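Got the viewer open? Here is a guided tour, stop by stop, with something to select at each one.

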Amino acid sequence: MNKFHTGPLIYPVDLCLNVKDMDMMVEFYSDVMGFDVLKKEDKRVIMGVPGNKILSFVRPDDVIQKPPRRTGLYHFAILLPDRKYLGSFINHLRDNNAPVTGGADHEVSEALYLQDPEDNGIEVYTDIPDSQWTWKGDQVNMGTEPLDFRGLMELGKDIEWKGMPEGTKLGHMHLHVSELEEAFLFYNTLGFQRVAEMGGTANFISTGGYHHHIGLNVWNGKGADPAPENATGLRYYTLAVSDEDSLGKIFRSLAEKKYHVTIEEGVLHTQDPSGNRIKIEIA
Ligand SMILES: [Fe+2]
(Lines give C-alpha, C1' and ligand atoms only; values in the text may rest on other atoms or scores of the structure.)
Protein backbone atom coordinates (compact mmCIF):
# COMPACT_ATOMS: atom_id res chain seq x y z
CA MET A 1 0.00 0.00 0.00
CA ASN A 2 1.27 3.42 -0.98
CA LYS A 3 1.30 5.42 2.27
CA PHE A 4 1.01 8.79 0.52
CA HIS A 5 -2.26 8.03 -1.27
CA THR A 6 -4.42 6.72 1.54
CA GLY A 7 -6.20 7.93 4.69
CA PRO A 8 -5.94 9.90 6.86
CA LEU A 9 -4.33 12.11 4.18
CA ILE A 10 -6.09 14.24 1.57
CA TYR A 11 -4.81 13.33 -1.90
CA PRO A 12 -5.84 13.48 -5.58
CA VAL A 13 -7.73 10.50 -7.03
CA ASP A 14 -9.13 11.44 -10.42
CA LEU A 15 -9.70 14.24 -12.89
CA CYS A 16 -12.16 15.14 -15.61
CA LEU A 17 -11.25 16.81 -18.90
CA ASN A 18 -13.46 18.69 -21.33
CA VAL A 19 -12.69 17.28 -24.75
CA LYS A 20 -13.41 18.21 -28.35
CA ASP A 21 -12.82 14.90 -30.10
CA MET A 22 -13.98 12.13 -27.78
CA ASP A 23 -13.06 9.25 -30.13
CA MET A 24 -9.54 10.50 -30.70
CA MET A 25 -8.98 11.05 -26.98
CA VAL A 26 -10.30 7.61 -26.00
CA GLU A 27 -8.11 6.02 -28.68
CA PHE A 28 -5.01 7.86 -27.44
CA TYR A 29 -5.63 7.05 -23.78
CA SER A 30 -6.33 3.38 -24.65
CA ASP A 31 -3.65 2.63 -27.21
CA VAL A 32 -0.82 4.96 -26.19
CA MET A 33 -1.43 5.43 -22.46
CA GLY A 34 -2.80 1.95 -21.79
CA PHE A 35 -5.93 2.79 -19.80
CA ASP A 36 -9.11 0.71 -19.88
CA VAL A 37 -12.50 2.17 -20.72
CA LEU A 38 -14.40 1.56 -17.49
CA LYS A 39 -17.69 3.17 -18.52
CA LYS A 40 -19.04 4.69 -21.69
CA GLU A 41 -22.06 6.98 -21.63
CA ASP A 42 -23.55 9.31 -24.19
CA LYS A 43 -21.35 12.32 -23.45
CA ARG A 44 -18.97 10.91 -20.87
CA VAL A 45 -16.28 8.24 -20.89
CA ILE A 46 -14.54 7.01 -17.73
CA MET A 47 -11.08 5.47 -17.98
CA GLY A 48 -8.61 3.95 -15.55
CA VAL A 49 -7.24 0.62 -14.47
CA PRO A 50 -9.42 -2.24 -13.20
CA GLY A 51 -11.04 -1.10 -9.96
CA ASN A 52 -9.61 2.42 -10.12
CA LYS A 53 -11.19 5.27 -12.04
CA ILE A 54 -8.46 7.80 -12.93
CA LEU A 55 -9.81 10.12 -15.58
CA SER A 56 -13.00 10.94 -17.38
CA PHE A 57 -13.86 12.91 -20.48
CA VAL A 58 -16.88 15.11 -21.07
CA ARG A 59 -17.74 16.77 -24.37
CA PRO A 60 -19.66 20.02 -23.77
CA ASP A 61 -22.11 20.75 -26.63
CA ASP A 62 -20.55 24.13 -27.31
CA VAL A 63 -16.95 23.10 -26.62
CA ILE A 64 -14.18 25.51 -27.63
CA GLN A 65 -10.40 25.20 -27.70
CA LYS A 66 -8.86 26.46 -24.45
CA PRO A 67 -7.44 29.95 -25.02
CA PRO A 68 -3.72 30.39 -24.23
CA ARG A 69 -2.31 31.83 -20.97
CA ARG A 70 -5.10 30.71 -18.68
CA THR A 71 -5.15 28.97 -15.31
CA GLY A 72 -5.99 25.27 -15.31
CA LEU A 73 -4.05 22.12 -15.95
CA TYR A 74 -0.28 22.16 -16.39
CA HIS A 75 -0.13 18.38 -16.17
CA PHE A 76 -1.64 15.48 -14.31
CA ALA A 77 0.74 12.78 -13.15
CA ILE A 78 0.17 9.06 -13.30
CA LEU A 79 2.04 7.15 -10.61
CA LEU A 80 3.15 3.64 -11.58
CA PRO A 81 3.55 1.09 -8.78
CA ASP A 82 7.07 0.03 -9.76
CA ARG A 83 10.07 1.41 -11.67
CA LYS A 84 10.10 -1.58 -14.04
CA TYR A 85 6.73 -0.47 -15.45
CA LEU A 86 8.15 2.95 -16.30
CA GLY A 87 10.83 1.15 -18.31
CA SER A 88 8.23 -1.03 -20.01
CA PHE A 89 6.09 2.06 -20.78
CA ILE A 90 9.07 3.87 -22.35
CA ASN A 91 9.76 0.79 -24.53
CA HIS A 92 6.09 0.71 -25.55
CA LEU A 93 6.18 4.41 -26.54
CA ARG A 94 9.37 3.85 -28.53
CA ASP A 95 7.87 0.85 -30.35
CA ASN A 96 4.83 2.92 -31.29
CA ASN A 97 6.72 6.11 -32.20
CA ALA A 98 4.70 8.01 -29.62
CA PRO A 99 6.09 11.50 -28.96
CA VAL A 100 7.65 12.18 -25.58
CA THR A 101 8.26 15.79 -24.59
CA GLY A 102 10.81 15.14 -21.85
CA GLY A 103 12.06 13.14 -18.92
CA ALA A 104 13.69 13.95 -15.60
CA ASP A 105 15.12 12.48 -12.45
CA HIS A 106 13.69 14.72 -9.71
CA GLU A 107 15.62 13.01 -6.89
CA VAL A 108 12.28 12.01 -5.35
CA SER A 109 10.83 10.50 -8.51
CA GLU A 110 11.65 9.55 -12.09
CA ALA A 111 9.32 11.15 -14.60
CA LEU A 112 8.41 11.09 -18.26
CA TYR A 113 6.40 13.87 -19.92
CA LEU A 114 4.06 13.87 -22.89
CA GLN A 115 1.07 15.77 -24.32
CA ASP A 116 -2.25 14.31 -25.35
CA PRO A 117 -3.85 15.15 -28.76
CA GLU A 118 -5.73 18.10 -27.22
CA ASP A 119 -2.59 19.49 -25.61
CA ASN A 120 -3.15 18.40 -22.01
CA GLY A 121 0.12 17.74 -20.20
CA ILE A 122 0.72 14.25 -18.86
CA GLU A 123 3.46 12.99 -16.57
CA VAL A 124 4.03 9.29 -15.95
CA TYR A 125 6.31 8.64 -13.01
CA THR A 126 7.51 6.33 -10.33
CA ASP A 127 8.63 7.31 -6.85
CA ILE A 128 12.14 6.84 -5.58
CA PRO A 129 11.75 5.24 -2.10
CA ASP A 130 11.06 8.04 0.42
CA SER A 131 13.93 6.78 2.58
CA GLN A 132 16.22 8.23 -0.12
CA TRP A 133 14.62 11.71 -0.27
CA THR A 134 16.58 14.48 1.39
CA TRP A 135 14.96 17.21 3.47
CA LYS A 136 16.21 20.56 4.70
CA GLY A 137 13.91 21.21 7.64
CA ASP A 138 10.40 20.83 6.22
CA GLN A 139 11.49 21.36 2.60
CA VAL A 140 12.19 18.39 0.34
CA ASN A 141 15.02 18.48 -2.17
CA MET A 142 13.74 18.16 -5.75
CA GLY A 143 16.02 18.66 -8.71
CA THR A 144 15.91 18.15 -12.45
CA GLU A 145 18.59 15.72 -13.52
CA PRO A 146 18.64 13.68 -16.76
CA LEU A 147 16.39 10.61 -16.69
CA ASP A 148 18.21 7.27 -16.88
CA PHE A 149 16.39 6.24 -20.09
CA ARG A 150 18.89 3.48 -20.84
CA GLY A 151 18.65 1.88 -17.39
CA LEU A 152 14.86 2.08 -17.38
CA MET A 153 14.51 0.58 -20.86
CA GLU A 154 16.85 -2.24 -19.88
CA LEU A 155 14.85 -2.89 -16.70
CA GLY A 156 11.56 -2.89 -18.62
CA LYS A 157 12.62 -5.04 -21.52
CA ASP A 158 11.45 -8.33 -20.01
CA ILE A 159 7.97 -7.02 -19.23
CA GLU A 160 5.52 -7.05 -22.09
CA TRP A 161 3.46 -3.83 -21.96
CA LYS A 162 -0.16 -4.81 -21.37
CA GLY A 163 -1.40 -1.37 -20.43
CA MET A 164 -1.26 0.48 -17.14
CA PRO A 165 -0.71 -2.10 -14.38
CA GLU A 166 -2.91 -2.71 -11.38
CA GLY A 167 -2.01 -0.25 -8.63
CA THR A 168 -1.57 2.68 -11.04
CA LYS A 169 -3.05 5.88 -9.64
CA LEU A 170 -3.25 9.63 -10.01
CA GLY A 171 -0.11 10.62 -8.11
CA HIS A 172 -0.27 14.40 -8.28
CA MET A 173 -1.82 17.36 -10.07
CA HIS A 174 0.17 20.34 -11.36
CA LEU A 175 -1.91 23.45 -11.93
CA HIS A 176 -1.50 26.89 -13.43
CA VAL A 177 -2.70 29.48 -10.91
CA SER A 178 -2.92 33.25 -11.06
CA GLU A 179 -1.20 34.03 -7.76
CA LEU A 180 0.93 31.68 -5.66
CA GLU A 181 0.37 32.83 -2.10
CA GLU A 182 -3.39 33.18 -2.59
CA ALA A 183 -3.46 29.63 -4.03
CA PHE A 184 -1.30 28.28 -1.21
CA LEU A 185 -3.57 29.80 1.46
CA PHE A 186 -6.57 28.08 -0.11
CA TYR A 187 -4.87 24.68 -0.27
CA ASN A 188 -3.49 25.16 3.23
CA THR A 189 -7.12 25.46 4.36
CA LEU A 190 -7.66 21.95 2.93
CA GLY A 191 -4.69 20.72 4.97
CA PHE A 192 -1.80 20.90 2.49
CA GLN A 193 1.66 22.06 3.57
CA ARG A 194 4.31 23.72 1.40
CA VAL A 195 7.23 21.30 0.94
CA ALA A 196 9.16 22.99 -1.90
CA GLU A 197 9.39 26.26 -3.79
CA MET A 198 10.93 27.03 -7.15
CA GLY A 199 12.24 30.50 -7.94
CA GLY A 200 9.17 32.27 -6.58
CA THR A 201 7.10 30.93 -9.50
CA ALA A 202 6.08 27.47 -8.27
CA ASN A 203 5.04 25.84 -4.99
CA PHE A 204 4.82 22.14 -4.23
CA ILE A 205 2.37 21.13 -1.53
CA SER A 206 1.45 17.87 0.17
CA THR A 207 0.10 16.09 3.21
CA GLY A 208 1.86 13.41 5.23
CA GLY A 209 5.35 14.29 3.98
CA TYR A 210 4.86 13.39 0.29
CA HIS A 211 7.13 15.25 -2.16
CA HIS A 212 3.98 16.82 -3.62
CA HIS A 213 0.35 15.97 -4.20
CA ILE A 214 -0.17 19.29 -5.98
CA GLY A 215 2.16 21.61 -7.88
CA LEU A 216 1.13 25.25 -8.33
CA ASN A 217 2.81 27.62 -10.78
CA VAL A 218 2.35 31.06 -12.34
CA TRP A 219 4.04 30.11 -15.60
CA ASN A 220 0.97 31.17 -17.61
CA GLY A 221 1.33 34.66 -16.14
CA LYS A 222 0.53 36.26 -12.81
CA GLY A 223 -3.11 37.33 -12.78
CA ALA A 224 -4.04 34.79 -15.49
CA ASP A 225 -7.80 34.27 -15.88
CA PRO A 226 -9.57 30.90 -15.80
CA ALA A 227 -10.61 29.39 -19.13
CA PRO A 228 -14.31 29.53 -20.06
CA GLU A 229 -16.34 26.62 -18.63
CA ASN A 230 -16.87 25.09 -22.08
CA ALA A 231 -13.16 25.16 -23.01
CA THR A 232 -11.05 22.03 -23.47
CA GLY A 233 -8.79 21.11 -20.57
CA LEU A 234 -9.43 20.55 -16.89
CA ARG A 235 -13.13 20.44 -15.96
CA TYR A 236 -12.46 19.47 -12.33
CA TYR A 237 -10.33 17.15 -10.28
CA THR A 238 -11.16 15.10 -7.21
CA LEU A 239 -9.43 14.89 -3.85
CA ALA A 240 -10.15 12.06 -1.42
CA VAL A 241 -10.43 12.14 2.36
CA SER A 242 -10.96 9.13 4.58
CA ASP A 243 -14.12 9.96 6.51
CA GLU A 244 -17.10 12.21 7.06
CA ASP A 245 -15.43 14.08 9.94
CA SER A 246 -12.56 15.18 7.68
CA LEU A 247 -15.00 16.29 4.98
CA GLY A 248 -17.06 18.24 7.51
CA LYS A 249 -13.97 19.89 8.94
CA ILE A 250 -12.85 21.01 5.47
CA PHE A 251 -16.35 22.32 4.69
CA ARG A 252 -16.37 24.40 7.87
CA SER A 253 -12.84 25.73 7.32
CA LEU A 254 -13.62 26.79 3.73
CA ALA A 255 -16.92 28.39 4.71
CA GLU A 256 -15.28 30.24 7.62
CA LYS A 257 -12.73 31.77 5.24
CA LYS A 258 -15.51 32.69 2.78
CA TYR A 259 -14.43 30.35 0.01
CA HIS A 260 -17.26 29.13 -2.19
CA VAL A 261 -18.24 25.65 -0.99
CA THR A 262 -21.29 23.37 -1.23
CA ILE A 263 -22.01 19.75 -0.36
CA GLU A 264 -24.27 17.71 -2.62
CA GLU A 265 -24.97 14.04 -1.97
CA GLY A 266 -21.90 13.66 0.24
CA VAL A 267 -19.53 15.33 -2.25
CA LEU A 268 -17.95 18.69 -1.45
CA HIS A 269 -17.67 21.12 -4.38
CA THR A 270 -15.31 24.07 -4.30
CA GLN A 271 -12.75 25.86 -6.46
CA ASP A 272 -9.37 27.37 -5.78
CA PRO A 273 -8.95 31.17 -6.15
CA SER A 274 -7.74 30.61 -9.75
CA GLY A 275 -10.98 28.89 -10.72
CA ASN A 276 -9.68 25.29 -10.72
CA ARG A 277 -12.76 23.29 -9.76
CA ILE A 278 -12.41 20.59 -7.10
CA LYS A 279 -14.61 17.83 -5.76
CA ILE A 280 -13.74 16.28 -2.42
CA GLU A 281 -15.08 12.80 -1.73
CA ILE A 282 -14.81 10.18 0.96
CA ALA A 283 -12.56 7.41 -0.38
FE1 LIG B 1 4.56 16.79 -12.01
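Before you click on anything: on this tour, two residues are in contact when heavy atoms lie within 4.5 Å. Keep in mind, too, that this is a predicted model.

**Stop 1: A111.** With that cut-off set, select A111, which sits in strand β7. Leaving out neighbours within four places in sequence, A111 is in contact with G102, G103, A104, H106, E123, V124, Y125 and L147. Pick E123 from that list and check the C-alpha distance: A111 and E123 are 12 residues apart along the chain, and their C-alpha atoms are separated by 6.5 Å. Is A111 buried or exposed? Its relative accessible area is 0%, so A111 is buried.

**Stop 2: the iron ion.** Stay on E123 and bring up the metal. Which protein atoms are the donors of the iron ion? They are NE2 of H75, OE of E123 and NE2 of H172, lying 2.0 to 2.1 Å from the ion. Written as a sequence pattern, the donor residues run H-x47-E-x48-H. Now colour two strands: H75 belongs to β5 (residues 72-79) and H172 to β11 (residues 169-176), so this pair of histidines ties together parts that are 97 residues apart in sequence. Turn on a surface and both are buried, H75 with a relative accessible area of 6% and H172 with 1%.

**Stop 3: the largest pocket.** Next, show the largest pocket, which holds about 370 Å³ of space. It is lined by 21 residues, and the ones to select for its centre are H106, Y113, T144, M198 and F204, the closest to it. The elements giving two or more residues to the lining are β5, β7 (109-115), β8 (121-127), β11 and β12 (193-198). Strand β12 provides the largest share, with 3 residues. Colour the lining by residue class and you get 9 nonpolar, 10 polar and 2 charged residues.

**Stop 4: F184.** Move to helix α4 (residues 180-190) and pick F184. Not counting residues up to four places away in sequence, F184 touches F192, Q193, R194, N203, I205 and L216. Take R194 as the partner here: it is 10 residues from F184 along the chain, with 7.7 Å between the two C-alpha atoms. F184 has a relative accessibility of 8%, so it counts as buried.

**Stop 5: backbone oddities.** Switch to the backbone torsions. The peptide bond from G7 to P8 is cis, with omega near 5 degrees, and P8 lies in the segment before β1 (11-18). Then jump to R69, in the loop between β4 (52-58) and β5. R69 is not a glycine, yet has a positive phi of about 60 degrees; it is exposed, with a relative accessible area of 51%. E265 is another non-glycine with a positive phi, in this case about 50 degrees. You'll find E265 in the loop between β16 (261-264) and β17 (267-271), and at 85% relative accessibility it counts as exposed.

**Last stop: zoom out.** Show the whole chain as a cartoon, and there are 5 helices and 18 strands to look at. The C-alpha trace spans about 55 × 50 × 35 Å along its principal axes. For 283 residues, a compact globule would have a radius of gyration near 19 Å, and the chain's 18 Å agrees with that. Of those 283 residues, 51% count as buried. For a contact map, try this one: among contacts between residues at least 6 apart in sequence, 68% join residues at least 24 apart.

Terms used:
Residues numbered from 1 in each chain as written. Predicted model: local features only at pLDDT ≥ 70, side-chain atom pairs only at ≥ 80, totals over all residues. Heavy atoms only, no water. Donors = N, O, S within 2.8 Å, 3.2 Å for Na, K, Ca; no water. Helix = DSSP H or I, 4+ residues; strand = E, 2+ residues; numbered from the N terminus. Buried < 20%, exposed > 50% of the residue type's maximum accessible area, 1.4 Å probe, protein only. 1 Å grid on protein atoms, 1.4 Å probe; cavity = no way out; pocket = protein on both sides within 12 Å on 5 of 7 lines; lining within 4 Å. Points joined across faces, edges and corners; volume = space filled by probe spheres on them. Nonpolar A, V, L, I, M, F, W, Y, C, P; charged D, E, K, R; others polar. Rg over C-alpha atoms; globule rule 2.2 N^0.38 Å.
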